[in-house]
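Subject: Structure handover

Hello,

Here is the structure we talked about. Please load it first, then read my notes below.

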Amino acid sequence: MAKTLDKVDVVTVGVGWTGGIIAAECAKQGMKVRGLERGKERGTKNYAMIHDEYRYAIRYELMQDLSRETITFRNNLKMRPLPMRQMGSFLLGENLGGAGTHWNGMTYRFLPYDFQIKTETEKKYGKNKLSSDYLLQDWGITYDELEPYFDKFEKTIGLSGEDTNPFWGKRTSDFPTPPMKKTPLLKKFEKATKDLGYHPYMVPSANLSEPYENPDGSKINACQYCGFCERFGCEYGAKSSPEVTVVPAALKTGNYDITFHANVVEVLKKGNKVTGVRYIDTQTGEEFIQPADVVVLTSYIMNNAKLLMVSDIGEQYDPNTGKGTLGKNYCYQIEPGATGFFDDQMNVFMGAGALGMTIDDFNGDSFDHSNEGFIHGASISFTQSGTRPILSNPVPSDVPVWGAEFKKASIENYTRSLSVFGQGASMPHKNNYLALDSNYKDRYGVPLLQMTYNFTEQDRNLHKFITDKTVKIMKEMGAKKTEGGNPLTDYDIVPYQSTHNTGGTTMGADPNTSVVNNYLQHWDMENLFVVGAGNFNHNSGYNPTATVGALAYRTAEGIQKYREKGGMLA
């Protein structure tokens with residue numbers, strides 16, 4: 001029998017960026033907040049021996065244990081979904097900080113076009129630019145409305161950057177810290193793109209260019225350019241993460257505590273309100289009920305959607321009828337690119353996850369799509385993130401992928417190859433969605449989340465377009481041989497591509513087309529909030545964390561308003 005705990009004002013499910021922001025902002029307002037984290041506690045002190053590529057990048061030490069919980073996957077409705085047994089296409093976070101611990105730190109604001117994509121597309125290209133199979137919709141909020149929350153998130157993390165990109169939205173203040181160092185390789189990309197008539201700028205980086213103290217009093221150190229960011233924690237405390245910013249800010253209030261090893265399996269409800277959550281202690285197997293006035297789902301998008309589904313909150317999307325919103329608009333990203341092989345050796349060892357330059361000349365609606373078979377686009381970047389030896393074996397396509405010739409070419413090209421890549425915006429399609437699996441369950445007897453996804457014609461057209469652009473840039477950078485990526489075929493969940501999953505718990509102005517309103521308050525349960533990239537109606541040409549962070553700050557403000565007046569906020 002489950003043990004019922006004392007009631008708290010706010011309980012969050014998951015303690016990463018969103019759980020930490022909600023906790024910090026609500027605790028500062030005097031609310032008693034409890035974070036439930038199914039993983040363990042960790043922080044900077046645990047990362048002293050983190051430079052172990054095999055343990056952390058290959059064996060995923062910091063990430064979710066898929067023997068306890070995973071997802072099932074299929075490309076289309078006719079296939080049998082099967083469990084993802086090993087990390088592959090994306091890397092699921094777990095433990096304190098979640099994916100915010102092992103991220104690269106590239107921190108872009110989504111474009112103003114993103115938030116009103118349906119309106120802007122129809123205004124410029126008509127209603128038939130994409131077929132009705134694409135479920136395009138506005139977000140119920142504009143960039144200008146969200147800008148103050150972007151600003152707050154950037155000041156919390158001390159974002160390093162420069163405001164020289166002519167294509168992104170207006171900012172109310174400068175970047176908190178200057179851009180990172182511009183290396184000779186970055187200058188090579190900068191010169192090539194400028195010579196082609198484009199507009200390069202330094203990637204907004206959460207690997208900080210200098211020491212910084214944020215408005216909450218949290219101190220973040222300067223990046224040492226060691227090259228171990230993506231898939232690693234930072235031993236210098238120089239990569240902004242929840243453990244070094246919002247979590248300590250919440251704990252400092254005395255109104256916040258975290259329960260670790262707490263795997264939430266159900267959101268409890270009564271009438272049109274939720275009453276708390278039920279969780280299982282993953283170490284003892286004991287079951288607990290945590291009552292709360294406000295419940296906030298702040299785990300990764302997969303788990304947020306799953307918890308709503310297993311708790312029977314909201315109507316699940318049916319691709320055959322088009323009815324329902326929960327699980328709808330699942331989107332991924334595409335990553336076209338080109339690799340160049342050079343004669344001269346280069347220093348590719350040092351770097352940082354967000355040390356790079358980008359152009360947005362083919363992102364959003366910054367160019368004319370009238371004659372293109374797609375909308376939106378991709379940012380195109382060159383990053384110097386630190387080339388590590390196990391996963392880096394660059395060889396031309398005419399070299400065998402094993403044997404003596406491969407070894408020789410791999411060693412030769414390790415310091416003589418560079419890559420330029422795009423992050424392509426994925427649009428929602430009626431056949432791409434999330435649901436509950438009818439066969440497979442997790443360790444606690446709860447159905448697994450089922451993902452049905454494949455690339456669409458929009459993706460394939462965009463991929464080809466951006467690949468051609470990256471090939472031209474790489475040639476301009478002086479490569480003796482340049483190879484673009486292969487054409488996009490079917491989505492494969494095995495090779496790593498991007499952890500930028502979005503959708504499933506979308507936001508909007510209409511409960512008939514979205515799961516939550518623009519405060520991320522659930523349309524059916526007024527004291528339930530759902531926060532994360534699942535709120536996105538489509539994916540963009542950028543990394544999602546800044547937009548997730550901005551929405552979390554707005555949600556925290558909404559929770560305060562709800563505590564004062566109750567009812568629906570929008």
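Two strands count as paired if DSSP finds at least two bridges between them. Keep that rule in mind for the sheets. Also note that this is a predicted model.

**The open sheet**

Start with strand β4, residues 71-74, and strand β19, residues 447-452. They run parallel and are joined by 4 bridges. Within β4, look at Arg-74: Thr-452 in β19 stands opposite. Both strands belong to an open sheet of 4 strands. The order is β5-β4-β19-β18, and the pairing is mixed. What stands at the edges? Those places go to β5 (82-83) and β18 (433-441). Each has a single partner strand, so one side of each has no neighbour in the sheet. Helix α8, residues 301-310, lies across β18 and β19. The angle between α8 and β18 is about 70 degrees.

**Around β15**

Next, go to strand β15, residues 356-359. In general, side chains of a regular strand alternate between the two faces of the sheet. Are the residues on the two faces of β15 buried or exposed? Gly-356 and Thr-358 on one side are buried, and so are Met-357 and Ile-359 on the other. Both faces are therefore covered, with buried meaning under 20% relative accessible area.

β15 has antiparallel pairings with β6 and with β16. Strand β6 (residues 201-202) pairs with β15 over 2 bridges in the antiparallel sense. There, Tyr-201 stands opposite Thr-358. The pairing of β15 with β16 is antiparallel too, over 4 bridges. Ile-359 has Ile-380 of β16 as its bridge partner.

**Salt bridges**

How many salt bridges are there? The count is 34. Three pairs are worth opening in your viewer.

- Asp-195 with Lys-191: the closest N and O atoms are 2.8 Å apart. The two residues are 4 apart in helix α6 (residues 184-195), which means a separation of about one helical turn. Asp-195 is partly exposed at 47% relative accessible area. Lys-191 is exposed, at 56%.
- Glu-61 with Arg-55: their side chains meet at 3.4 Å, N to O. Glu-61 is partly exposed, with 36% relative accessibility. Arg-55 is also partly exposed, with 38%.
- Asp-398 with Lys-481: the N to O distance is 3.4 Å. Asp-398 sits in the loop between β16 (378-383) and α9 (403-413), while Lys-481 is in strand β20 (residues 481-484), so the bridge ties together parts 83 residues apart in sequence. Asp-398 is exposed, at 56% relative accessible area. Lys-481 is partly exposed, at 30%.

Which residues are joined into one network by salt bridges that share partners? They are Arg-38, Glu-69, Glu-94, Lys-306 and Asp-442.

**A nonpolar surface patch**

Last, look at the surface. Tyr-54, Ile-390 and Leu-391 form a nonpolar patch there. Together they have about 290 Å² of accessible area. Tyr-54 is in helix α2, residues 53-58. Its relative accessibility is 43%, so Tyr-54 counts as partly exposed.

That is the tour. The files are yours now.

Best wishes

Key: Residues numbered from 1 in each chain as written. Predicted model: local features only at pLDDT ≥ 70, side-chain atom pairs only at ≥ 80, totals over all residues. Heavy atoms only, no water. Patch = residues over 30% accessible without salt bridge, like charges linked within 9 Å, V, L, I, M, F, W, Y side chains within 5 Å. Areas by Shrake-Rupley, 256 points an atom, 1.4 Å probe, with all protein chains shown as cover. Salt bridge = Lys/Arg side-chain N within 4 Å of Asp/Glu carboxyl O. Buried < 20%, exposed > 50% of the residue type's maximum accessible area, 1.4 Å probe, protein only. Contact = heavy atoms within 4.5 Å. Axes fitted to C-alpha atoms, helices over the stretch in contact; angles between N-to-C directions.
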